[in-house]
Structure formats: structure tokens, C-alpha cells
Amino acid sequence: MCILVLDKKEAVPIFYGKRAKEEEIETIMVETEIFSCMDTACIGWMRKDFVTDDLLCPMCGNEMAVEIRELPKI
Ligand SMILES: [Zn+2]
């Protein structure tokens with residue numbers, strides 16, 4: 001005797017748009033002075049509070065310029 005196994009199309013629970021608001025961590029953005037690399041091909045930048053003494057890009061060693069950027073508060 002042949003037993004046919006049929007694919008059971010079970011409903012897959014979909015979880016979306018149900019995330020509780022409390023789970024969302026509120027990020028406060030503040031205008032922060034940063035130093036960004038003057039090399040346009042480089043994405044290196046640092047917060048002013050964490051720059052190295054020589055003010056050089058941590059990624060390519062180029063000079064960096066002051067810039068204001070909106071960053072999450074720390
Ligand atoms: Zn750089």
C-alpha cells in the first residue's frame with residue numbers, strides 16, 4: 001500500500017510590528033564636535049574627546065579637520 005505524504009502547509013507565525021515600545025532604546029542625538037579625515041577617500045574620524053595628540057587620522061595618518069556631526073549621546 002502506498003502512503004502519500006502530503007506537504008502540510010503549516011502557518012508560520014509572523015512576528016512583525018509587534019515589538020513593544022519599551023524595548024526601543026531611545027537614542028539622544030547631540031551635535032558633537034569631531035575631527036574627520038581631510039582625505040575624501042578616507043572615512044576616518046574621531047570624537048573630539050578621543051582624538052590623538054597629533055590630531056592625525058587613525059586610519060590613514062592624514063590631517064583631520066573639525067566638523068560638527070549629530071551623534072548618539074555618550
Ligand atoms: Zn584618514
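Apart from its neighbours within four places in sequence, Pro58 is in contact with Gly44, Met46 and Thr52; two residues are in contact if their C-beta atoms, placed from the backbone, lie within 7 Å. Pro58 belongs to the loop between β2 and β3, where helices (H or I, at least four residues) and strands (E, at least two) are DSSP runs, numbered from the N terminus. The C-alpha atoms of Pro58 and Trp45 lie 7.6 Å apart, although 13 residues separate the two in sequence. Pro58 counts as partly exposed because 14 C-beta neighbours fall inside 10 Å. On this scale a residue is buried if 20 or more other C-beta atoms lie within 10 Å of its own, exposed if 12 or fewer, and partly exposed in between, with C-beta atoms placed from the backbone.

The model is predicted: local features need pLDDT of at least 70, side-chain atom pairs count only at pLDDT 80 or more, and totals for chains, interfaces and linings use all residues. Residues are numbered from 1 along each chain as its sequence is written. The pLDDT, which is the predictor's confidence in each residue, from 0 to 100, averages 81 over the chain, and 68% of the residues score at least 70. Among the elements of the chain, the highest mean pLDDT, 95, belongs to strand β1 (residues 29-37), and the lowest, 93, to strand β2 (residues 45-47).

The same loop between β2 and β3 also holds Leu55. Leu55 is not a glycine, yet its phi is positive, at about 55°. With 13 other C-beta atoms within 10 Å, Leu55 is partly exposed.

What does the chain contain in the way of helices and strands? There are zero helices and three strands, which follow the pattern β-β-β along the sequence. The three strands form an open sheet in the order β2-β1-β3, with antiparallel pairing. The edges of this sheet are β2 and β3 (64-72), each with a single partner strand, so one side of each has no neighbour in the sheet. On average, neighbouring strands of the sheet are turned by 35° against each other, direction ignored; the axes are lines fitted to C-alpha atoms, for helices over the stretch in contact, and angles run from 0 to 180 degrees between N-to-C directions.

In general, strands of a sheet pair through backbone hydrogen bonds, either parallel or antiparallel. Two strands pair if DSSP finds at least two bridges between them. Between β1 and β3 there are nine bridges, in the antiparallel sense. Among the bridge partners, Met29 is matched with Pro72 in β3, and Cys37 stands opposite Met64 in β3. Between β1 and β2 the antiparallel pairing runs over three bridges, and one of them joins Ser36 to Trp45 in β2.

Two glutamates can be followed within the sheet. Glu70 is in strand β3, and its C-alpha lies 4.4 Å from that of Glu31, with their positions 39 residues apart in sequence. Neighbours within four places in sequence left aside, Glu70 is in contact with Met29 and Glu31. Is Glu70 buried or exposed? Glu70 is exposed, because 8 other C-beta atoms lie within 10 Å. Glu33, in strand β1, is partly exposed, with 13 other C-beta atoms within 10 Å. Not counting residues up to four places away in sequence, Glu33 touches Lys48, Val66 and Ile68. Glu33 and Leu71 are 38 residues apart in sequence, and their C-alpha atoms are 9.3 Å apart.

The loop between β1 and β2 contains Cys42. Which residues does Cys42 touch, not counting those up to four places away in sequence? They are Cys37, Cys57, Met59, Cys60 and Asn62. Asn62 is 20 residues from Cys42 in sequence and 9.1 Å from it in space, C-alpha to C-alpha. Cys42 counts as partly exposed because it has 15 C-beta neighbours inside 10 Å.

Two totals describe the chain as a whole. Of its 74 residues, 5% count as buried. Among the contacts with a separation of 6 or more, 44% are between residues 24 or more positions apart.
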